[in-house]
Amino acid sequence: MWGLYITSLYFTVTTITTVGYGDLHAANTMERGISIVIMIIGVISFSFATGSLSSIMQNYDQANAKLQERITVLNRIFKDHHLPLELYERLKQAIKYDFNKDQNDINQFVVDLPHKLKLEVSLHIHERTYKKIHCFKGRSSAFIAWICPLLKPFPCPENQYVFFEGDDVTNIFFLVKGKAGFVLPKYKNATYIEVEVGAHFGIIDIVGSILQSKQDLENWIGHKDLLQRQFTVMALCESESRCLMISDLNRMKQEFLEAYEKLFNDAYTRLRRALQLKLKAMNICDATDNDYRMKSNRSGNGDNVDVNHTPQNLSV
């Protein structure tokens, strides 16, 4: 009697699972029972694998859809407003870079954790960032957990300006890869200060702007509309920085005063030193340029005169 039930169940499972009857089939009750178990396990395993793969593909498509949506908007701007091709390519690279570096989901996950766990996880997640930045060394885990999610990646190809003299000051920078330099665009980007990995720059622009406008440095955020770049900085090779908005910099003053004061430590001295080096570099370039003109005049049209009239590296 049980054999009939097993046989009926065997053919039912074989039909439902679409395994098929085939030329080779179970010949007795034990074989049919084993076949039923194997077919059920096989179907469940196959369904689970297919569902997981579908879920992965769906998530990938959703992530790509966001990227494609932004690129589509960029393409429309490029077409409608006739953007320069070079600017279009830089924007496209920046969009793709931001997409690959997007950590909003991770940061949100960390924020929702209990305080102690949040500190421990943040130290591990952002270890490669804060260990490279000199002014973050020795800081508390609470400070690291607070500031690292606020730092936004800022890639910069070789010979591209990070910011230009006269630009509005919206953030400060921490160099984590490559090399940057303070340059003189008027003199073929002669470099007079080199910025190495771990250094920060942009603070002295705030100090210089406040001094020029004769305002109180303690309340510089109240005069943010007056803040302008005092120098031009360019990537000397392919570089990457982390930028911090000046609004977050002002929040640092309220929450982590010691770290804030370390950023502004010796700001007046560093500003004066940078201005001295800038003036010295301009004088050297002018003198070399005048010497070049004199030699060119003595030689007629200047042919065959081998003079490098623009110093390419005046680093400190």
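This is a guided tour of one predicted chain, with a selection to make at each stop.

**Before selecting anything**

Because the model is predicted, local features are reported only at pLDDT of at least 70 and side-chain atom pairs only at pLDDT 80 or more, whereas totals for chains, interfaces and linings use all residues. Residues are numbered from 1 along each chain as its sequence is written, and side-chain values use heavy atoms, with hydrogens and water left out.

**The whole chain**

Display the chain as a cartoon. It contains eleven helices and eight strands; these are DSSP runs, helices being H or I of at least four residues and strands E of at least two, numbered from the N terminus. Of the 316 residues, 33% are buried. Here buried means under 20% relative accessible area, exposed means over 50%, and partly exposed lies in between (1.4 Å probe, protein chains only). The accessible surface comes to about 19800 Å², and carbon and sulfur atoms provide 56% of it; areas come from the Shrake-Rupley method with a 1.4 Å probe, and for residues only the protein chains shown count as cover. Among contacts with a separation of 6 or more, 68% link residues 24 or more positions apart, a contact being heavy atoms within 4.5 Å.

**Colour by confidence**

Next, colour by pLDDT, the predictor's confidence in each residue from 0 to 100. The chain averages 82, and 85% of the residues score at least 70. Among the elements, strand S7 (residues 232-235) has the highest mean, 96, and helix H4 (residues 104-111) the lowest, 68. Then select residues 300-316: pLDDT stays under 50 there, and the model has 36 contacts beyond four places in sequence for this segment. Where pLDDT is low, the predicted coordinates should not be read in detail.

**A nonpolar patch**

Select Met30, Ile34 and Ile38, which form a nonpolar patch on the surface with about 340 Å² of accessible area together. Patches are made of residues with over 30% relative accessible area and no salt bridge, with like charges joined within 9 Å and nonpolar side chains (Val, Leu, Ile, Met, Phe, Trp, Tyr) within 5 Å. Met30 belongs to helix H2 (residues 29-81) and counts as exposed, at 64% relative accessibility.

**Salt bridges**

Show the charged side chains. Side chains of opposite charge can pair when their charged atoms come close. The whole structure has ten salt bridges, each defined as a side-chain nitrogen of Lys or Arg within 4 Å of a carboxyl oxygen of Asp or Glu.

Select Glu258 and Arg139, whose side chains form a salt bridge at 3.8 Å, N to O. Glu258 lies in helix H10 (residues 257-264) and Arg139 in the loop between helix H6 (127-130) and helix H7 (141-147), so the pair ties together parts 119 residues apart in sequence. Glu258 is exposed, at 59% relative accessible area.

Move to Glu194 and Lys179, a salt bridge of 3.5 Å, N to O. Glu194 is in strand S5 (residues 190-195), and Lys179 is in the loop between strand S3 (171-177) and strand S4 (180-184), so this pair ties together parts 15 residues apart in sequence. Glu194 is buried at 19% relative accessibility, whereas Lys179 is partly exposed at 26%.

Then select Arg251 and Glu255, which meet at 3.9 Å, N to O. They are four residues apart in helix H9 (residues 246-255), and therefore separated by about one helical turn. Both are partly exposed, Arg251 at 35% and Glu255 at 44%. Finally, add Glu196 to the earlier pair: salt bridges that share partners join Lys179, Glu194 and Glu196 into one network.

**Aromatic side chains**

The structure holds 16 aromatic pairs. Rings of Phe, Tyr and Trp (its six-membered ring) pair if their centres lie within 6.5 Å; planes under 30 degrees apart count as stacked, over 60 as edge-to-face and the rest as tilted. Select Tyr260 and Phe264, a tilted pair with 4.8 Å between centres and 40 degrees between planes. Both lie in helix H10, four residues apart, about one turn of the helix. Tyr260 is buried at 7% relative accessible area, as is Phe264 at 13%. For a wider view, select Phe136, Phe143, Trp146, Phe174 and Phe256, which form one aromatic cluster.

**Two backbone positions**

Most residues other than glycine have a negative phi. Select Asn159, where phi is positive, near 65 degrees; Asn159 sits in the loop between strand S1 (152-156) and strand S2 (161-163). End at Lys188, with a positive phi near 55 degrees. Lys188 is in the loop between S4 and S5 and is exposed, at 53% relative accessible area.
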